[in-house]
Amino acid sequence: MNNEKTIPYKIYLNENEMPKQYYNLRADMKEKPAPLLNPSTLKPMTFEELRGVFCDELVKQELDDTTPYFDIPQEIQDFYKMYRPSPLVRAYCLEEKLQTPAKIYYKFEGNNTSGSHKLNSAIAQAYYAKKQGLKGVTTETGAGQWGTALSMACSYLGLDCDVYMVKVSYEQKPFRREVMRTYGANVTPSPSSTTEVGRRILAEHPGTTGSLGCAISEAVEAAVTREGYRYVLGSVLSQVVLHQSIIGLETKTAMDKFNIVPDIIIGCAGGGSNLGGLIAPFMGEKLRGERDYRFIAVEPASCPSLTRGKYAYDFCDTGKVCPLAKMYTLGSGFIPSANHAGGLRYHGMSSVLSELYDQGMMEARSYEQTEVFKAATQFARVEGILPAPESSHAIKAAVDEAMRCKETGEEKTILFGLTGTGYFDLKAYAQFNEGTMTDYVPGDEELAASFSTLPAVDERK
C-alpha cells in the first residue's frame with residue numbers, strides 16, 4: 001500500500017510562505033453568526049460594553065463579520081517564526097498499518113512548549129493587551145494547553161497572567177500546572193473561594209470537579225474587578241477562530257504546492273478554535289461555491305454539544321456573568337464528567353461553527369473516551385507521536401474514515417488536525433493501559449434538566 005512516496009513525509013513551508021494575514025471566515029458566510037447579546041437588555045453587545053472585559057483591538061475583531069482579512073502585526077509574525085510554520089505530515093505508516101487506499105495527512109501543532117495550537121491565539125491576544133498598555137490578563141484553562149500558551153506569551157511580553165484551571169485538570173495534570181508557574185503565571189483551581197462567583201458555584205455544587213464554564217466566570221470576575229486587567233479566552237469566540245486560521249492557511253498553501261486536495265477534513269471540537277482554524281480557507285471555498293469538501297467535527301460523548309445540544313442563546317459561562325451567545329449548547333449549568341479530554345469539556349460551541357453546522361455545511365459525531373484512547377495508542381505506535389486526548393478524537397474519526405475507504409475501495413484524501421501532544425496526559429494513558437478507564441454518557445433526563453435552564457430569548461426582529 002502507498003509504496004510510491006511521491007509526497008514527502010513532512011511538508012514544510014519556508015518563512016516567506018507563512019501567512020501575513022488572518023482569514024475571517026465570517027466574511028464569506030451569507031448567514032452570519034448571531035450577535036452576542038447583553039443578558040440584561042437582550043440587545044447586541046456594543047463595542048463600549050465589551051471593551052470593559054476584552055482588549056479594544058480584540059473587540060473590533062470580534063464584532064467584524066465583513067472584513068475578510070486582518071493583517072498579522074510584524075511582532076506576532078516574528079514570534080510565530082519560533083515554532084511556525086508547523087509541518088503537514090503524510091501518515092504513510094498509519095496508512096500501511098490500516099492497509100487502506102486512503103491518503104491520510106495531519107497538520108501537527110505540537111511543536112512548541114505549550115504542546116498545542118493554543119499559542120497561535122495566545123501571542124496575538126497578549127500582544128494587543130500589551131499594546132493597549134495593560135498590566136495583565138486573566139483566563140481559564142481546561143486541560144492546560146491554553147493556560148500554558150498564554151503564560152508563555154505573557155512572559156515573553158512582560159504581562160501578569162492569572163489562570164483559573166478546571167479543578168479536575170488541576171489535579172490530573174500537575175506538571176502542566178507547573179509549566180504555567182515556571183512561566184510566571186498564577187494558577188488557581190476552579191471553582192475556587194477566591195471569587196464571589198466561585199464561592200457561589202461551590203455552595204450550589206459541593207465537591208464539583210469544575211468545568212470551563214465555571215473557570216470562565218471566575219476569570220472574568222477577576223479581570224473586571226481590577227484596574228489594568230482584561231480577560232482573554234482560548235476558544236469559542238470569533239476572534240480566536242480568526243487567529244487560528246493560520247493553521248488552515250498554512251495547510252492549504254502546503255497542499256497546493258503538491259496539488260493535494262482533501263476530500264474529508266476532520267478536527268476535534270470543544271469550543272471550536274482549532275477546528276475553525278483548520279477548516280477556515282477550505283470552508284471559505286465551499287461557501288463561495290469554488291470547491292466542495294466534507295467537514296467532520298468530533299466531540300466527546302460525555303460533552304456532546306453539537307450532536308445532542310440545542311441551538312439557542314445561552315450564557316457562555318456557568319456563573320452567568322458573560323454575554324449570551326447563540327450556539328449549540330448543553331446549558332451553561334452542565335458540568336461534564338471528569339473525562340481526560342479536558343480541552344473539550346465545554347458546554348457550548350463557537351457561534352461560527354454552530355451556524356455552519358446548523359446550515360448543514362459540516363457534520364458532527366461523538367466518541368466515548370476508551371475508543372478514543374484506543375485510536376490514540378494505535379497512532380502513537382506507528383506515527384511516533386503521543387497525541388493529546390483532545391486530538392485523539394480526530395484521529396479516531398480519521399481511522400474510521402480510512403477503514404471505510406478500505407471497505408469500499410475508494411481512494412479518499414483525509415486531512416485531520418493533530419492539535420497537540422499528550423505527554424502531560426500520562427495519568428490518562430496509565431488508566432487506559434491498566435484497563436481502569438471508564439466511559440460516561442449523559443442521559444436524556446440529565447440533558448433535559450440542563451436545557452430547562454436556558455434563558456428565554458425572543459429572536460424575532
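Buried, on this tour, means under 20% relative accessible area, while partly exposed covers the range from there up to 50%. Keep that cut-off in mind as you click through this predicted model.

**The whole chain**

Start with everything shown as a cartoon. You should find 18 helices and 15 strands. The radius of gyration is 20 Å, close to the 23 Å that the globule rule gives for 461 residues, so the chain is as compact as a globular protein of that length. Turn the C-alpha trace along its principal axes and it spans about 60 × 50 × 50 Å.

Now switch on the surface. The chain exposes about 17200 Å², and carbon and sulfur atoms supply 48% of that area. Of the 461 residues, 63% count as buried. If you draw contacts between residues with a separation of 6 or more, 77% of them come from residues 24 or more positions apart. Colouring by charge brings up 49 positive and 57 negative charges, whose mean positions are 2 Å apart.

**Aromatic pairs**

Next, show the aromatic side chains. The structure holds 16 aromatic pairs. Select tyrosine 9 and tyrosine 92 to see one of them: the two rings are edge-to-face, 4.9 Å centre to centre, with 65 degrees between the planes. This pair links distant parts of the chain, since tyrosine 9 sits in the segment before strand E1 (10–11) and tyrosine 92 in helix H4 (residues 92–98), 83 residues apart.

Which of the two partners is buried, and which is partly exposed? Tyrosine 9 has a relative accessible area of 41%, so it is partly exposed. Tyrosine 92, with a relative accessible area of 3%, is buried.

Move on to phenylalanine 79 and tyrosine 156. Their ring centres are 4.9 Å apart and their planes stand at 70 degrees, so this pair is edge-to-face. Phenylalanine 79 belongs to helix H3 (residues 74–80) and tyrosine 156 to helix H6 (residues 145–157), so the pair ties together parts that are 77 residues apart in sequence. Phenylalanine 79 has 3% relative accessibility and therefore counts as buried. Add Tyr80 and Tyr83 to the selection, and you have a cluster in which ring pairs link Phe79, Tyr80, Tyr83 and Tyr156.

**Two cis peptide bonds**

Select arginine 84 and proline 85. The peptide bond from arginine 84 to proline 85 is cis, with omega near 0 degrees. Proline 85 lies in the loop between H3 and strand E4 (88–90).

For another cis bond, go to serine 190 and proline 191, where omega is near 5 degrees. Look for proline 191 in the loop between strand E8 (186–190) and helix H9 (196–204).

**Positive phi outside glycine**

Leucine 42 is the next stop. Although it is not a glycine, leucine 42 has a positive phi of about 60 degrees. You will find leucine 42 in the loop between strand E2 (21–23) and helix H1 (47–50), and at 36% relative accessibility leucine 42 counts as partly exposed.

Then select valine 236, which is not a glycine either and has a positive phi of about 70 degrees. Valine 236 is in the loop between strand E9 (229–231) and helix H11 (238–257). At 10% relative accessibility, valine 236 counts as buried.

**Two buried alanines**

Select alanine 388, in the loop between helix H15 (369–383) and helix H16 (389–408). Its relative accessibility is 0%, so alanine 388 counts as buried. What does alanine 388 touch, leaving out residues up to four places away in sequence? The answer is Gln145, Gly420, Thr421, Gly422 and Asp425. For a distance to draw, take alanine 388 and alanine 153: they are 235 residues apart in sequence and 21 Å apart in space, C-alpha to C-alpha.

Finish with alanine 402, which is in helix H16. Alanine 402 has 0% relative accessibility and therefore counts as buried. Not counting residues up to four places away in sequence, alanine 402 touches Leu98, Thr100, Ala102, Ile104 and Ile414. How far apart are the C-alpha atoms of alanine 402 and proline 101? They are separated by 7.6 Å, with their places 301 residues apart along the chain.

Note on methods: Residues numbered from 1 in each chain as written. Predicted model: local features only at pLDDT ≥ 70, side-chain atom pairs only at ≥ 80, totals over all residues. Heavy atoms only, no water. Helix = DSSP H or I, 4+ residues; strand = E, 2+ residues; numbered from the N terminus. Rg over C-alpha atoms; globule rule 2.2 N^0.38 Å. Buried < 20%, exposed > 50% of the residue type's maximum accessible area, 1.4 Å probe, protein only. Contact = heavy atoms within 4.5 Å. Areas by Shrake-Rupley, 256 points an atom, 1.4 Å probe, with all protein chains shown as cover. Lys, Arg positive; Asp, Glu negative; His and termini not counted. Charge placed at Lys NZ, Arg CZ, Asp CG, Glu CD. Phe/Tyr/Trp six-rings, centres within 6.5 Å; stacked < 30°, edge-to-face > 60°.
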